[in-house]
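Biologist: Please take a close look at a single part of this model, and place that part within the chain as a whole before you go into detail.

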Amino acid sequence: MNHTAQSQTATKTSTTMPASKRPHRKWWRQVKIVAALAVAAFLVYHGTILYRTFRLRNTNPVTTAFMDQRAKEAAARGGSTERVRVWVTYDQISPSLVHAVVVAEDQRFYSHSGLDWGAIRLAIKINWGAKRIVRGASTIDQQLAKNLFLSSSRNPLRKLHEGLIAWEMDRILGKRRVLELYLNVIEWGEGIYGAEAAARHYFKASAASLTEDQAAFLAAMIPNPRGDFNPTVYPDRVNYRRDVILASMKEEPVPELTLRDMAVQTVMPTFPEEAIAKGAEGVTISRVSIDANGNVTKVEVLAAPHPAIKTSLVEALTKWKFNPPNMGDKQTTITGKLSFYYSILNGEGIVRNPMIHRGPR
């Protein structure tokens, strides 16, 4: 009897053990089903975006996700925003505006494949150190992808999807078409979309006739034309960024690194208390001319975030001494740019030489 009871107990144990694992197996099966459905839904969703991207090779978008978002925001406020947009071809846009926008928003636009990995690595490093998002790395392709198809959310998954779309657009559409779309759909103020509408609104001119100054002004607004870079509310801020873009658009005969290598006696510019009190931070760009003896003959500040900083730059750079330039008999004076970064840390102003403390290019 004892042997029989033990056999029955063993049988029950052997039959009940698999049953104890069934809830786990059921849960895992449900997870796999949900995951498979989520992947399938994403593939369908992305497939529609891919289809629309292919269509953009020959057709222009009537509206964008960003425009629709602005319309919803206006409706939520109980009003409506008039939308002004006039589509123009790439050839009907001033080359100066194309140049200014690339300089301002994505200087490696023509060399990357939709994503700028160097800028992404630098942004991750800076944001990790700051413990918050203080620097972005979005390319023009990414901005266009977000504008056309996505939202302004900073959700990491949304950013990953944005990167995928940008990579695909770069291959499917090409650089010229990406720029044409970008310059026709981005926002340049309340209800103002595209280069033609912006040119008419701000300068009473066509996008094709924009000068370098006008183009740099419009490019300066792009990060936030209704907020931080609204020229009506923050004219000094927009004008400063315009000056930086203009200076960056113009190449000098002598590269900055070469000019700095020639310097034998330097004076670092100061960070004036007045500028610190105003919270003035940013890059300064100066054009310096040197005679045959290595003396500074002219200093022209092309961009500075505060008038006091501009004065400090001139005072410092006029004291610099360079090795005599070896340019031959035809040219005894050389001209190049010198730039410095002004930043504030814990209330203290810091002036940084970008050629010494430069990040990855």
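**A close look at one strand residue**

Modeller: Lysine 32 is a useful point of orientation before the strand itself, and it lies in helix α1, which spans residues 2-55. The model is a predicted one, and its chain has 12 helices and 8 strands. Of the 361 residues of the chain, 43% count as buried, while the accessible surface comes to about 20,600 Å², with 55% of that area belonging to carbon and sulfur atoms. Lysine 32 has a relative accessible area of 47% and is therefore partly exposed, since that value falls between the limits of 20% and 50%. Together with Arg25, Lys26 and Arg29, Lys32 forms a positive surface patch.

The part I would examine closely is isoleucine 344, a residue of strand β7, which covers residues 334-345. With a relative accessibility of 25%, isoleucine 344 counts as partly exposed, because buried would require a value under 20%. Leaving aside residues up to four places away in sequence, isoleucine 344 touches Phe271, Ile276, Gly279, Ala280 and Glu281, and also Gly349. Among these partners, alanine 280 is separated from isoleucine 344 by 64 residues in sequence, yet the distance from C-alpha to C-alpha is 8.2 Å. That pairing can be set beside the pattern of the chain, in which 69% of the contacts between residues at least 6 apart in sequence join residues at least 24 apart.

Definitions and conventions: Residues are numbered from 1 along each chain as its sequence is written. This is a predicted model: local features need pLDDT of at least 70, side-chain atom pairs count only at pLDDT 80 or more; totals for chains, interfaces and linings use all residues. Side-chain values use heavy atoms; hydrogens and water are left out. Helices (H or I, at least four residues) and strands (E, at least two) are DSSP runs, numbered from the N terminus. Buried means under 20% relative accessible area, exposed over 50%, partly exposed in between (1.4 Å probe, protein chains only). Contact means heavy atoms within 4.5 Å. Accessible areas come from the Shrake-Rupley method with a 1.4 Å probe; for residues, only the protein chains shown count as cover. Patches are made of residues with over 30% relative accessible area and no salt bridge: like charges are joined within 9 Å, nonpolar side chains (Val, Leu, Ile, Met, Phe, Trp, Tyr) within 5 Å. A salt bridge is a side-chain nitrogen of Lys or Arg within 4 Å of a carboxyl oxygen of Asp or Glu. Lys and Arg count as positive and Asp and Glu as negative; His and the chain ends are not counted. The place of a charge is taken as NZ of Lys, CZ of Arg, CG of Asp or CD of Glu.
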